[in-house]
Amino acid sequence: LTQVALPSGPAPQFRSAGPGGGGAVNKRGHSASGGWFARRLVGAMAQELNPVLGNMAKDPKATEDFSKDAEEVIARVDTMKQAGRVEEAVEEMLALEKKCRQACDGRSTSKLLCKICQTYFDVKDWSKLKEHIVLLSKKRGQLKRATTDMVHLVMSWLDGLDKETKLSLIGTLNEVTEGKIFVEVEKARLTEMLAKMKEDEGDTDEAANLMQEVQVESFGAMERREKTEYILNQMRLVLLKKDYIRTQIISKKLNPKLLDADDFQDLKIRYYEYMVKYWLHEKKFLDASKAYLSIFKTASVQADESKWKPVLTAHALFLTLAQYDNEQEDMLNKLDTLEAKKLDKVPVFQQVVKLFLRKEITAWPLANEAEVRIHPVFQDEGGAARWDMLKKRVVQHNIKVISEYYEQIHTARLCELLCLTDKEAETELSELVCSKFVYAKIDRPAGTIKFGKKQTYTDRLNDWSGSITKMLDLVENTCHLIQKEQMVHAARSKLKAKK
């Protein structure tokens, strides 16, 4: 127990209880002022025992102080234990525990509960220990702080026990903490211990099933960092189980703004690494690139070149693998401009980014194909499929460039520019048209491809109206210029006549 400062301030004044005018006296013969002092002391000690719990483990105020009696009994217990009179010592403590519990003396009750458990632990009587843990927790009107301290004490022994005894005690503690909000944090920690043991045995599915049901995000007594680490552990286990739907559900429990704090940098990196695995399974390369960008912007990564280089290159490659849209193009341009200095240190990948930004046809295979292909993005699980996707994105980029320069092109010429067969070129072009990436119409008998969106009647009328407006503006501007020249010519003629 930590040392607690004694309560300051005068004791409250009590009215006379009898003709003698003396202070009120309780059943044990203590004066009311002395009882007030004891209650203030017990309350202060109780607050120091578990400051994190706050009002969730608030017990009624103590009516009597049994601290001296508790100290005397605890002192005798050690002697009785050495003499082999363990059961007699426990019975004596249980008798006093009942008085302390009924008087709401939290400090003394906590000491007695912990001493009972300590006694059975010292003699290695595990069956009696488990029996009394359950018995003491189910006592009528048992104080919350006493139960909490008993659970804390037993949990402190778990790491030094053999596997069988540890599992048995964890089961007992789970039974005791079930449904009690004031020990919900301890319940979560016990579940994590049990899951760790299951994982060590190789049963990751069972470990994930145990962890995923714990709703730590609603625990008010758990600290932010511990809560975040717990949720990240849940994500890790369900990813090992390949339960990607639940991974996405659990990831929503964390607020990304919380991870931006300076003391959460390591957790931020872990979170986005798990999210990368999820997005890759979903084949959403743009979201995977955003996750790598968040890791790249972390201060600890920025400070170490050996860390930001692989992250930056992965971000760049996943951006090129993403389906073309306005957001993807905007991110590529930002990467090329805002991170130009860092990209200069990885010139091979800088060149890949610029290939997709230029309005030029890109040759396949790439000039630095060997260096690009050894990147972990193309070496990990699914790397071969991602390499094929990169080739596909290069072809799509080339088709888009061609569509901006040509209104109509022969199929043979398109195949020559793309370095593809007739069937492959048609397949790629058809896919792009279906995804509305480009607008084109294939005329197979004529062997031609016409680019451009098909005009509706409204579009044609709008074009005609716009052309007429433009023509009238040109005519009006021409009339103004002619009139201006006529006025200048007339003015010059007048000047010549005067001379």
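Student: How do the residues of the lining of the largest cavity divide into nonpolar, polar and charged?

Tutor: Seven are nonpolar, four polar and six charged. Ala, Val, Leu, Ile, Met, Phe, Trp, Tyr, Cys and Pro count as nonpolar, Asp, Glu, Lys and Arg as charged, and the others, including Gly, as polar. This is a predicted model, where local features need pLDDT of at least 70 and side-chain atom pairs pLDDT 80 or more, while totals for chains, interfaces and linings use all residues. Numbering runs from 1 along each chain as its sequence is written, and side-chain values use heavy atoms, without hydrogens and water.

Student: How many cavities of 30 Å³ or more does the search find?

Tutor: A cavity is a set of points on a 1 Å grid over the protein atoms alone, where a 1.4 Å probe fits but cannot get out; lining residues have an atom within 4 Å of a point. Points join across faces, edges and corners, and volume is the space filled by probe spheres set on them. Here the whole structure yields two. The largest holds about 220 Å³. Its lining has 17 residues, with Y324, Q328, F356, H397 and K400 closest to the centre.

Student: Which elements give two or more residues to that lining of the largest cavity?

Tutor: Helices are DSSP runs (H or I, at least four residues), numbered from the N terminus. In this model they are α16 (326-338), α18 (347-357) and α20 (383-405). The largest share, six residues, comes from α20.

Student: What volume has the second largest cavity?

Tutor: About 30 Å³. T411, L414, D422, A425, E426, I442 and I449 line this second cavity. Both α21 (411-418) and α22 (422-434) give two or more residues. α22 gives the most, three. The lining divides into four nonpolar, one polar and two charged.

Key
1 Å grid on protein atoms, 1.4 Å probe; cavity = no way out; pocket = protein on both sides within 12 Å on 5 of 7 lines; lining within 4 Å.
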